[in-house]
Amino acid sequence: MDYADEVTDIREQYPLLPLEETKLIADKLGIEHPKDPKSGVDIVMTTDFLITYKDKEYARTVKPAKDLENERILAKFEIERVYWETHQVDWGIVTDII
């Protein structure tokens, strides 16, 4: 993507802000919002990549395919998916399976 002329920006670990928005989404979905394991305080979720391509944004999260069997990971992905849907940004998962 670094060498594609149409890609104008690549942001990594893009924060899903405000925190209250992802907390509200989690509540509506009946999913526990991610928390810091030590303090128990809600954390800011992130998306692995936010790519601007031809003036359109694409959010992509990257995970090994085996992680897609983990219910907790899938629940967090659902929060992320809904967040980007409300912002009209195309969201998807990239895995190591071709």
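**Figure 1. Salt bridge between Lys35 and Asp42 in the predicted model.** In this predicted model, Lys35 and Asp42 form a salt bridge whose closest N and O atoms are 2.7 Å apart. Lys35 has a relative accessibility of 37%, so Lys35 counts as partly exposed. A search of the whole structure gives 8 salt bridges, including the Lys35 and Asp42 pair.

**Figure 2. Salt bridge between Asp90 and Arg60.** The closest N and O atoms of Asp90 and Arg60 are 2.7 Å apart, and the two residues form a salt bridge. This pair links distant parts of the chain: Asp90 belongs to strand 4 (residues 90-94) and Arg60 to strand 3 (residues 56-62), with their positions 30 residues apart in sequence. Asp90 is partly exposed, its relative accessible area being 32%. Arg60 is partly exposed as well, at 22% relative accessibility. Arg60 is also among the residues touched by Thr47, which is shown in Figure 4.

**Figure 3. Salt bridge within helix 2, and a salt-bridge network.** Arg81 and Glu85 meet through their side chains in a salt bridge, at 3.1 Å from N to O. Both residues lie in helix 2, 4 residues apart, which is about one turn of the helix. An α-helix has 3.6 residues a turn, so residues three or four places apart point the same way. Arg81 has a relative accessibility of 29% and is therefore partly exposed; Glu85, with a relative accessible area of 49%, is also partly exposed. Elsewhere, salt bridges link Asp9, Arg11 and Glu57 in a network.

**Figure 4. Surroundings of Thr47 in strand 2.** Thr47 is part of strand 2 (residues 46-53). Its relative accessibility is 0%, so Thr47 counts as buried, the cut-off for that class being under 20%. The side chains of Thr47 and Trp84 are joined by a polar contact of 2.7 Å. Leaving aside residues up to four places away in sequence, Thr47 touches Glu12, Gln13, Tyr14, Leu16, Ala59, Arg60, Glu80 and Trp84.

**Figure 5. Buried and exposed sides of helix 1.** Helix 1 spans residues 19-29, and its residues Leu19, Thr22, Ile25 and Ala26 are buried. Viewed down the helix axis, the buried residues fall within an arc of 130°, so they line one face of helix 1. Helix 2 (71-86) is included in what covers these buried residues. On the other side of helix 1, Glu20, Asp27 and Lys28 are exposed. Gly30, just after helix 1, takes a positive phi of about 70°.

**Figure 6. The whole chain, for orientation of the close-up views.** The chain contains 2 helices and 4 strands, which follow the pattern β-α-β-β-α-β along the sequence. Its C-alpha atoms fill a box of roughly 45 × 30 × 25 Å along the principal axes. Of the 98 residues in the chain, 32% are buried. Among contacts with a separation of 6 or more, 68% are between residues 24 or more positions apart. The chain exposes about 6,700 Å², of which carbon and sulfur atoms supply 52%.

Key. Residues numbered from 1 in each chain as written. Predicted model: local features only at pLDDT ≥ 70, side-chain atom pairs only at ≥ 80, totals over all residues. Heavy atoms only, no water. Buried < 20%, exposed > 50% of the residue type's maximum accessible area, 1.4 Å probe, protein only. Arc of directions from axis to C-beta. Contact = heavy atoms within 4.5 Å. Polar contact = N/O pair within 3.5 Å; in protein donor to acceptor, adjacent residues only side chain to side chain. Salt bridge = Lys/Arg side-chain N within 4 Å of Asp/Glu carboxyl O. Areas by Shrake-Rupley, 256 points an atom, 1.4 Å probe, with all protein chains shown as cover.
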